[in-house]
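User: Please take a close look at how the helices pack in this model. I would also like the surface and the charge pairs around them covered.

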Amino acid sequence: TTIIIVMKSGKTNFLKVKSDEINLLYLSQIEEQKGIYLLINAFKKIKNNKVKLIIAGGGTEIKKMEDKIKDDKRINYLGYVKHEEINDLLAKVDLTIVPSLCYENAPRVIYESYANGVPVLVSAAGGSQELVEKGITGEIFKTGDQEDLLNKINGFIKNINNWRERSGYLKQKADAFATDLYVKKLFKFIQ
């Protein structure tokens, strides 16, 4: 594992950790409506042993989910992750997947992913898709469509180096969502 530092236009851009492994992350509640089983079923169709799925979160369907993943050593369930540990987790992943089957307004995990230079793959359900610049900050798949989800994951895997190079831009994108900037815009709007 190597960290690559690239100089571009006089600025230092830190790229994601370069590794042979590709780590995908699901960070949400372990509930059917969050799309966890859709993701697991799609992931199991990927035959590349260098691709790993990390699942983190609590919920009412943990036992059912654990039974579903026990036969695939590439899937690692971490359990509930404390908020102060999320940045450390995101530093180890290449893609955050938000496969929700239900309406999502603006999941915090998208902002946290961007802040850590991690692109996102989200379902088209709700406002999540409005936070994604297709092909730049992530991708959007048809809600509930396992084949579309799988195709988007495979496209990400195929272009992993291009996605890793976008880490710096994603961090800049996160800055646009900073609370202090939002408050300034709000005050400007009110005046």
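Analyst: Phe187 lies in helix 8, which spans residues 179–190. On the surface, Phe187 joins Phe189 and Ile190 in a nonpolar patch. Together these three residues have about 410 Å² of accessible area. Keep in mind that this is a predicted model.

Now the helix pairs. Two packed helices are described by the angle between their axes and the distance between the axes. Take helix 1 (residues 36–43) and helix 2 (residues 62–69). Their packing angle is about 5 degrees, and their axes are 11 Å apart. Angles under 35 degrees count as roughly parallel, so helix 1 and helix 2 are roughly parallel to each other. Which residues meet? Helix 1 brings Ile36, Tyr37, Ile40 and Asn41. Helix 2 brings Lys64, Met65, Lys68 and Ile69. By class, this contact of helix 1 with helix 2 holds 5 nonpolar residues, 1 polar residue and 2 charged residues.

A salt bridge involves the loops that follow in this part of the chain. Side chains of opposite charge can pair when their charged atoms come close. Asp71 pairs with Lys44 in a salt bridge, with the closest N and O atoms 2.9 Å apart. Asp71 sits in the loop between helix 2 and strand 5 (75–79). Lys44 sits in the loop between helix 1 and strand 4 (51–56). The two residues are 27 residues apart, and the pair links distant parts of the chain. In the whole structure, a search finds 8 salt bridges.

Helix 4 (residues 108–115) and helix 7 (residues 167–175) form another packed pair. Here the angle is about 130 degrees, with the axes 7 Å apart. Helix 4 and helix 7 are therefore oblique to each other. On the helix 4 side, the contact is made by Tyr111, Tyr114 and Ala115. On the helix 7 side are Leu170, Lys171, Lys173 and Ala174. Sorted by class, the contact of helix 4 with helix 7 has 5 nonpolar residues, no polar residues and 2 charged residues.

Methods: Residues are numbered from 1 along each chain as its sequence is written. This is a predicted model: local features need pLDDT of at least 70, side-chain atom pairs count only at pLDDT 80 or more; totals for chains, interfaces and linings use all residues. Side-chain values use heavy atoms; hydrogens and water are left out. Axes are lines fitted to C-alpha atoms, for helices over the stretch in contact, and angles run from 0 to 180 degrees between N-to-C directions. Helices (H or I, at least four residues) and strands (E, at least two) are DSSP runs, numbered from the N terminus. Angles under 35 degrees count as roughly parallel, over 145 as roughly antiparallel, 65 to 115 as roughly perpendicular and the rest as oblique. Contact means heavy atoms within 4.5 Å. Ala, Val, Leu, Ile, Met, Phe, Trp, Tyr, Cys and Pro count as nonpolar, Asp, Glu, Lys and Arg as charged, and the others, Gly among them, as polar. Patches are made of residues with over 30% relative accessible area and no salt bridge: like charges are joined within 9 Å, nonpolar side chains (Val, Leu, Ile, Met, Phe, Trp, Tyr) within 5 Å. Accessible areas come from the Shrake-Rupley method with a 1.4 Å probe; for residues, only the protein chains shown count as cover. A salt bridge is a side-chain nitrogen of Lys or Arg within 4 Å of a carboxyl oxygen of Asp or Glu.
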